[in-house]
Amino acid sequence: MDSASRGTVARWRGWLAGVSRQKLTGGRARGGSEPPRACATARTKATDYLSMIRPILRYGAPELHRPAEPVTTFDAELSRLIDDMVETMYAAPGIGLAATQIGVPLRLFVIDLSVGRDPAQLIAMVNPEFGERTGTQLEDEGCLSVPGFSATVLRPARVVVRGMD
């Protein structure tokens, strides 16, 4: 992950820490009640990018059934995509989002299993591959592409995933 992406992730982590404190104490979240924008740093050019919340594809969209392609170019455009995905995931609200869910057919996902309680757990994973899977567990899961629906799903108890973060 480049320094711009790390900066955005750090801003989200700071905001999430404030939101977690707010929920626990009833106080105001650090930095206000609004999440940070990827453009929180000073921008001076008209061509500078403002991150945005992207529409999430719903179940049945053909794009969700196509295999994703590996990411081959690591540039500012990828960094902007990750910024958009993080913003979209938290706005939904959700704990994970794949690029295919916003219509981008790339092997990329963002995830925060702590649901904002531990901002250090925000991960952007590029070209993920399973390295190891052990055990099984049943967990109730939902999906941002199928709003309002959840089901008990059989998953590995432990996985090792390789990829670039």
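## Burial and overall fold

Of the chain's 165 residues, 32% count as buried. The model is predicted. Its accessible surface comes to about 10100 Å². Carbon and sulfur atoms hold 56% of that area.

The secondary structure amounts to two helices and six strands. Along the sequence the order is α-α-β-β-β-β-β-β. Contacts with a separation of 6 or more were also sorted by distance along the chain. Of these, 55% join residues 24 or more positions apart.

## Salt bridges

How many salt bridges does the structure hold? There are three.

One of them pairs R54 with D84, with 2.8 Å between the closest N and O atoms. This pair links distant parts of the chain, 30 residues apart. R54 sits in the loop between α1 (3-25) and α2 (76-91), while D84 belongs to helix α2. Is D84 buried or exposed? D84 has a relative accessible area of 0%, so it is buried.

R158 and E132 form another salt bridge, again described by an N to O distance, here 2.8 Å. Their positions are 26 residues apart and lie in two strands: R158 in β6 (residues 158-164), E132 in β3 (residues 123-134). R158 is partly exposed, because its relative accessible area is 43%. E132 has 36% and is therefore partly exposed.

R155 and E141 make a salt bridge too, with the closest N and O atoms 2.8 Å apart. R155 is in strand β5 (residues 146-155) and E141 in strand β4 (residues 137-143). They are 14 residues apart, and the pair links distant parts of the chain. R155 has 39% relative accessibility, so it counts as partly exposed. E141 is partly exposed as well, at a relative accessible area of 26%.

## The largest pocket

The largest pocket has a volume of about 1600 Å³. Its lining consists of 41 residues. Which of them lie nearest the centre of the largest pocket? They are G96, I111, L113, E141 and R155. Two of these names return from the salt bridges: E141 and R155 are bridged to each other.

The elements giving two or more residues to this lining are β1, β2, β3, β4, β5 and β6. β5 gives the most, with eight residues. By class, the lining has 26 nonpolar residues, nine polar and six charged.

## The loop between α1 and α2

The loop that holds R54 also holds I56 and A68.

I56 has a relative accessible area of 17%, so it is buried. Leaving aside residues up to four places away in sequence, I56 touches T88, A92, L97, Q101, I102, L144 and S145. Take A98 as a reference point: it is 42 residues from I56 in sequence, and the C-alpha atoms are 9.8 Å apart.

A68 is partly exposed, because its relative accessible area is 25%. Its contacts, not counting residues up to four places away in sequence, are T100, P105, L106 and R107. A68 and L108 are 40 residues apart along the chain, yet their C-alpha atoms are separated by 8.6 Å.

## T100 and its contacts

Where is T100 found? T100 lies in the loop between β1 (96-98) and β2 (108-111). Its relative accessibility is 17%, so T100 counts as buried; the cut-off for buried is under 20%.

Which residues does T100 touch, not counting those up to four places away in sequence? T100 touches L57, L64, A68, P105 and L106. A68 thus appears in the contacts of T100, and T100 in those of A68. P105 and L106 are listed for T100 and also for A68. The A68 contact ties the loop between α1 and α2 to the loop between β1 and β2.

Methods
Residues are numbered from 1 along each chain as its sequence is written. This is a predicted model: local features need pLDDT of at least 70, side-chain atom pairs count only at pLDDT 80 or more; totals for chains, interfaces and linings use all residues. Side-chain values use heavy atoms; hydrogens and water are left out. Helices (H or I, at least four residues) and strands (E, at least two) are DSSP runs, numbered from the N terminus. Buried means under 20% relative accessible area, exposed over 50%, partly exposed in between (1.4 Å probe, protein chains only). Contact means heavy atoms within 4.5 Å. A salt bridge is a side-chain nitrogen of Lys or Arg within 4 Å of a carboxyl oxygen of Asp or Glu. Accessible areas come from the Shrake-Rupley method with a 1.4 Å probe; for residues, only the protein chains shown count as cover. On a 1 Å grid over the protein atoms alone, a cavity is a set of points where a 1.4 Å probe fits but cannot get out, and a pocket is an open set with protein on both sides within 12 Å along at least five of seven lines; lining residues have an atom within 4 Å of a point. Grid points are joined across faces, edges and corners, and a volume is the space filled by probe spheres set on the points. Ala, Val, Leu, Ile, Met, Phe, Trp, Tyr, Cys and Pro count as nonpolar, Asp, Glu, Lys and Arg as charged, and the others, Gly among them, as polar.
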